[in-house]
Amino acid sequence: MSDLRDLYQEVILDHGRNPRNFHALENPTCSLEGYNPLCGDKLTLYLKLDGDRIEEISFEGAGCAISTASASLLSEMLVGKTREDVSRIFASFHAMVTGEPGQAIDMDVLGKLAVFQGVCEYPARVKCASLSWHTLNAALDGASEPITTE
């Protein structure tokens with residue numbers, strides 16, 4: 001288990017230091033700001049949609065390694081997914097980060113997002129890991145005001 005935890009930490013640190021898709025999109029279909037006042041994480045999420053499907057995702061901002069890594073992995077994983085797919089993945093992700101340590105997770109749904117399984121042991125970090133997800137959901141729902149994790 002220690003080797004797995006070390007690998008997870010490595011993935012989070014890598015995405016935190018070298019986030020993927022870290023730039024503004026030209027002519028996004030929608031974009032939205034998100035803020036975590038507890039930690040100071042801030043991001044702007046940009047989306048290009050093709051009907052119900054996510055064509056591109058990117059983000060800009062500043063935050064802790066967990067927040068940045070979560071946005072980075074989200075931006076890699078959700079390209080090509082539908083709103084329905086996003087809802088299913090978010091439900092599994094949120095259950096994992098707010099659940100009990102060691103709970104079974106659905107790797108078929110979560111894939112690389114499983115690196116955040118240990119977040120449930122640190123309740124203050126749940127908002128860091130879920131900021132980009134709440135921002136994404138609000139953007140897909142047509143929100144225009146910045147969202148907050150509070």
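Q: In this predicted model, how many bridges join strand β1 to strand β2?
A: Take β1 as residues 30–36 and β2 as residues 41–50. The two strands run antiparallel. One pair to look for is G34, which stands opposite L43 in β2, and another is S31, whose bridge partner in β2 is Y46. The number of bridges joining β1 to β2 is seven.

Q: Which residue takes a positive phi in the hairpin of β1 and β2?
A: Four residues lie between the strands of this hairpin. One residue there has phi near 90 degrees, a positive value. That residue is G40.

Q: How many bridges pair β2 with β3?
A: Here too the pairing is in the antiparallel sense. You can spot T44 of β2 standing opposite E60 in β3, while L45 has F59 as its bridge partner. The count of bridges between β2 and β3 is nine.

Q: What is the phi of G51, in the hairpin of β2 and β3?
A: This hairpin has two residues between the strands. G51 takes a positive phi there. The value is near 65 degrees.

Q: What is the order of the strands in the open sheet?
A: The sheet has four strands, with mixed pairing. Its edge strands are β3 (53–62) and β4 (147–148), and each of them pairs on one side only. Reading across the sheet, the order is β3-β2-β1-β4.

Q: Which strands of the sheet does α2 touch, and what angle does its direction make with that of β3?
A: Helix α2 packs on the sheet. The strands it touches are β2 and β3. Its direction makes an angle with that of β3 of about 160 degrees.

Q: How many of the residues of β2 are buried?
A: Being buried takes a relative accessible area under 20%. By that cut-off β2 is mostly covered. Out of its 10 residues, the number buried is eight.

Q: What should helix α2 span, and how far apart are its end C-alpha atoms?
A: Helix α2 covers residues 65–77, which makes 13 residues. The expected span counts 1.5 Å for one less than the number of residues, so α2 should span 18 Å. The model agrees, because the end C-alpha atoms are apart by 18 Å.

Q: How many residues of α2 are buried?
A: This helix is mostly covered. The buried residues include I66, S67, T68 and A69, and further along you meet S70, A71, S72, L73, L74 and S75. Of the 13 residues in α2, the number buried is 10.

Q: Where do α2 and α5 cross, in terms of angle and hand?
A: Helix α5 is residues 123–140, and its axis and that of α2 come within 8 Å. The axes cross at roughly 35 degrees. As for the hand of the crossing, it is right-handed.

Q: How many nonpolar residues are in the contact of α2 with α5?
A: On the α2 side, the contact is made by I66, S67, S70, A71 and L74. On the α5 side, you find R125, C128, A129, L131, S132, W133 and L136. By class, three residues are polar and one is charged, while the number of nonpolar residues is eight.

Q: Is N27 buried or exposed?
A: N27 is found in the loop between α1 and β1. Its phi is near 55 degrees, a positive value in a residue other than glycine. Exposed means over 50% relative accessible area, and N27 has 66% relative accessibility, so it counts as exposed.

Q: What is the relative accessibility of N21?
A: N21 also has its place in the loop between α1 (2–17) and β1. Its phi is positive too, near 60 degrees, although N21 is not a glycine. N21 counts as partly exposed because its relative accessibility is 30%.

Q: How far apart in space are T149 and L43, C-alpha to C-alpha?
A: T149 is found in the segment after β4, and it is buried, with a relative accessible area of 13%. Among the residues it touches are Y35, N36 and K127. T149 and L43 are 106 residues apart in sequence, while their C-alpha distance in space is 12 Å.

Terms used. Residues numbered from 1 in each chain as written. Predicted model: local features only at pLDDT ≥ 70, side-chain atom pairs only at ≥ 80, totals over all residues. Heavy atoms only, no water. Buried < 20%, exposed > 50% of the residue type's maximum accessible area, 1.4 Å probe, protein only. Pairing = 2+ DSSP bridges. Contact = heavy atoms within 4.5 Å. Axes fitted to C-alpha atoms, helices over the stretch in contact; angles between N-to-C directions. Left-handed = near helix turned anticlockwise from the far one by under 90°. Nonpolar A, V, L, I, M, F, W, Y, C, P; charged D, E, K, R; others polar. Lists of a residue's contacts leave out its neighbours within four places in sequence.
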